[in-house]
Amino acid sequence: MNLAVVGAQWGDEGKGKIIDILTPGFDLVVRYQGGENAGHTVVEGGRKIILHTIPTGIVRGKLSLIANGTVVYPPTLFREMEELRAAGIEVEKYLRISKTAHVVLPIHREAERRSEERRGEKRIGTTRKGIGPAYEDKYGRRGIRVGDLLHREVLEEKLSILFSEKYSEMTPPRDLLETLLSWGNSLAPLMVDGPSLANSYLKEGKNILFEGAQGTLLDVDFGTYPYVTSSNSSAAGISGGAGISPRFLDHVLGIAKFYATRVGEGPFPTEIRGEAGVRIREKGGEFGATTGRPRRCGWLDLVALKYSAVINGFSGLALMKLDVLDGFEKVRVGVEYLYKGEKLNSFPPDPYVLREVEVIYRDFPGWDSTRGKRQMDELPKEALNFLKFIEEFLEVPVWFVSTGPSREEVIITPEGERFLKGL
Ligand code: IMP
């Protein structure tokens with residue numbers, strides 16, 4: 001059985017934890033888009049491991065593929081490999097990288113820094129990891145791929161095209177070619193034909209878990225463009241990003257928090273500007289895993305989430321961080337948007353519309369504590385009502401409810417159990 005785990009909001013939903021719980025049932029874990037803009041946190045034996053490029057599956061000793069749809073900055077990858085080795089993980093045994101993944105170059109980071117500075121107030125608020133410029137060069141057909149790092153002549157030609165066509169105002173660093181070759185030398189033992197590897201697993205009937213990064217509302221096609229990342233971070237990215245036919249994807253699990261966060265610029269209709277937002281940020285530890293930036297916090301937006309459920313065709317949902325809302329007198333959810341006084345029938349991804357919508361909320365009474373609960377019937381009835389409302393609104397069954405940061409602090413619903421049994 002093949003499953004995609006996809007962020008349903010603006011990223012940072014807690015995908016790492018759910019992927020970590022699911023990994024034992026899978027044989028191969030695949031990252032199919034994005035790069036080190038992601039930060040997936042896994043808590044292992046009290047130790048917090050944050051992975052940016054490497055699939056989280058590696059922590060559980062599963063073969064982990066960085067597939068063709070990703071963009072990789074090798075120095076960061078090497079640092080992560082080192083950290084994993086220090087944690088006793090046999091990185092060489094479990095990590096593979098597709099030769100057709102694209103390489104992020106130092107110049108991409110520099111170009112992004114300049115672009116963001118030029119935009120000033122109108123900046124995207126990127127992670128400044130060079131992700132956008134690397135994808136620009138991919139689609140501009142002048143990118144450097146991981147496999148190219150093994151070929152001096154290929155690199156010489158590509159660098160000359162890149163610097164004459166795109167970065168003519170910048171001088172290539174003198175040691176760039178040698179640096180790229182040394183990256184290639186280090187990565188050579190991990191390089192594979194990614195699509196062949198993934199398809200051989202499919203052919204043998206093994207289970208593949210596709211690990212999404214960022215979230216659907218940051219998807220370059222379906223998100224709040226231009227305040228998005230530069231890849232298809234919804235389930236739409238899987239086929240192109242990993243080289244498997246859409247025919248073979250069995251399930252898509254959407255991950256969402258019981259509230260909403262956003263990091264970077266862009267519209268956020270349910271953003272809380274008052275004290276409740278600060279409280280959620282502090283209690284939920286809502287600071288970027290990659291950049292440390294404080295995340296903007298808001299109430300759960302069911303209009304946006306419904307859109308996400310439709311785009312991804314979610315089979316199930318994992319709802320995260322219920323405990324962060326513990327102790328609130330009331331909790332709110334956005335259930336409808338009004339635009340120029342009219343009800344909108346679906347989520348409008350354009351920022352110039354989103355900025356002007358009026359959100360209609362529904363309020364729910366709060367509850368004392370859900371922290372660490374592992375059974376549905378242990379939840380306070382107010383929390384249970386809140387959960388049921390969300391499930392019915394979205395028309396997607398909830399498989400997991402997370403009630404704390406560690407992997408044990410989770411409720412697996414009967415639907416979730418059924419899914420796990422089928423693995
Ligand atoms: P980029 O992906 O660095 O180009 O950033 C584009 C937008 O996506 C910015 O708003 C970032 O804050 C946001 N973003 C990128 N990666 C993540 C992530 O993993 N979690 C949350 N937001 C992200």
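Asp 12 has 24% relative accessibility, so it counts as partly exposed. This residue sits in the loop between strand 1 (2-7) and helix 1 (15-22). Its phi is positive, about 60°, although Asp 12 is not a glycine. The model described here is predicted.

**Backbone exceptions**

Most residues other than glycine have a negative phi, and most peptide bonds are trans. Arg 141 departs from the phi rule, as does Asp 12; the table sets them side by side.

| Residue | Phi | Loop | Relative accessibility |
|---|---|---|---|
| Asp 12 | positive, about 60° | between strand 1 (2-7) and helix 1 (15-22) | 24%, partly exposed |
| Arg 141 | positive, about 60° | between helix 5 (131-139) and helix 6 (152-165) | 77%, exposed |

Where is the cis peptide bond that involves Pro 226? It runs from Tyr 225 to Pro 226, with omega near 10°. Pro 226 belongs to the loop between strand 10 and helix 9 (237-242).

**Helix 1**

After the loop of Asp 12 comes helix 1 (15-22). Is this helix mostly covered or mostly open? It is mostly covered, with eight of its eight residues buried. Charged names appear in that buried set, including Lys 15, Lys 17 and Asp 20. Gly 16, Ile 18, Ile 19, Ile 21 and Leu 22 are buried as well.

**The cores**

In soluble globular proteins, nonpolar side chains tend to be buried together. Here the largest nonpolar core has 56 residues. Phe 210, Phe 258, Ile 280, Leu 302, Leu 325 and Phe 386 have the most contacts inside it. Helix 13 (residues 381-394) gives this core its largest share, six residues. A second, separate core holds 44 residues, among them Val 91, Ile 144, Leu 149 and Leu 159.

Phe 210 deserves a closer look. It lies in strand 10 (residues 208-211). Its relative accessibility is 0%, and therefore Phe 210 counts as buried. Which residues does Phe 210 touch, leaving out those up to four places away in sequence? They are Asn 2, Leu 3, Ala 4, Val 5, Val 30, Tyr 32, Ile 238, Ala 242, Ile 244 and Leu 249. Gln 33 is 177 residues from Phe 210 in sequence, yet their C-alpha atoms are 10.0 Å apart in space.

Ile 280 is another of the core residues with the most contacts. Beyond neighbours within four places in sequence, Ile 280 is in contact with Tyr 259, Ile 272, Gly 285, Glu 286, Cys 297, Gly 298, Trp 299, Val 324, Leu 325 and Phe 328. One of these, Leu 325, is itself among the core residues with the most contacts.

**Empty space**

Rolling a probe the size of a water molecule over the atoms shows where empty space is left. This structure holds one cavity of 30 Å³ or more. The largest cavity has a volume of about 40 Å³. Its lining consists of Ala 8, Gln 9, Trp 10, Leu 217, Ala 260, Asp 301, Ala 304 and Leu 305. By type, that lining has six nonpolar residues, one polar and one charged.

The second largest pocket encloses about 220 Å³. It is lined by 14 residues, and Val 303, Lys 306, Leu 344, Asn 345 and Ser 346 are the closest to its centre. Helix 11 (302-312) and strand 15 (330-339) each give two or more residues to this lining. The largest share, five residues, comes from helix 11. Nine of the lining residues are nonpolar, two polar and three charged.

Conventions. Residues numbered from 1 in each chain as written. Predicted model: local features only at pLDDT ≥ 70, side-chain atom pairs only at ≥ 80, totals over all residues. Heavy atoms only, no water. Helix = DSSP H or I, 4+ residues; strand = E, 2+ residues; numbered from the N terminus. Buried < 20%, exposed > 50% of the residue type's maximum accessible area, 1.4 Å probe, protein only. Contact = heavy atoms within 4.5 Å. 1 Å grid on protein atoms, 1.4 Å probe; cavity = no way out; pocket = protein on both sides within 12 Å on 5 of 7 lines; lining within 4 Å. Points joined across faces, edges and corners; volume = space filled by probe spheres on them. Core = buried A, V, L, I, M, F, W, Y, C linked by side-chain atoms within 4.5 Å.
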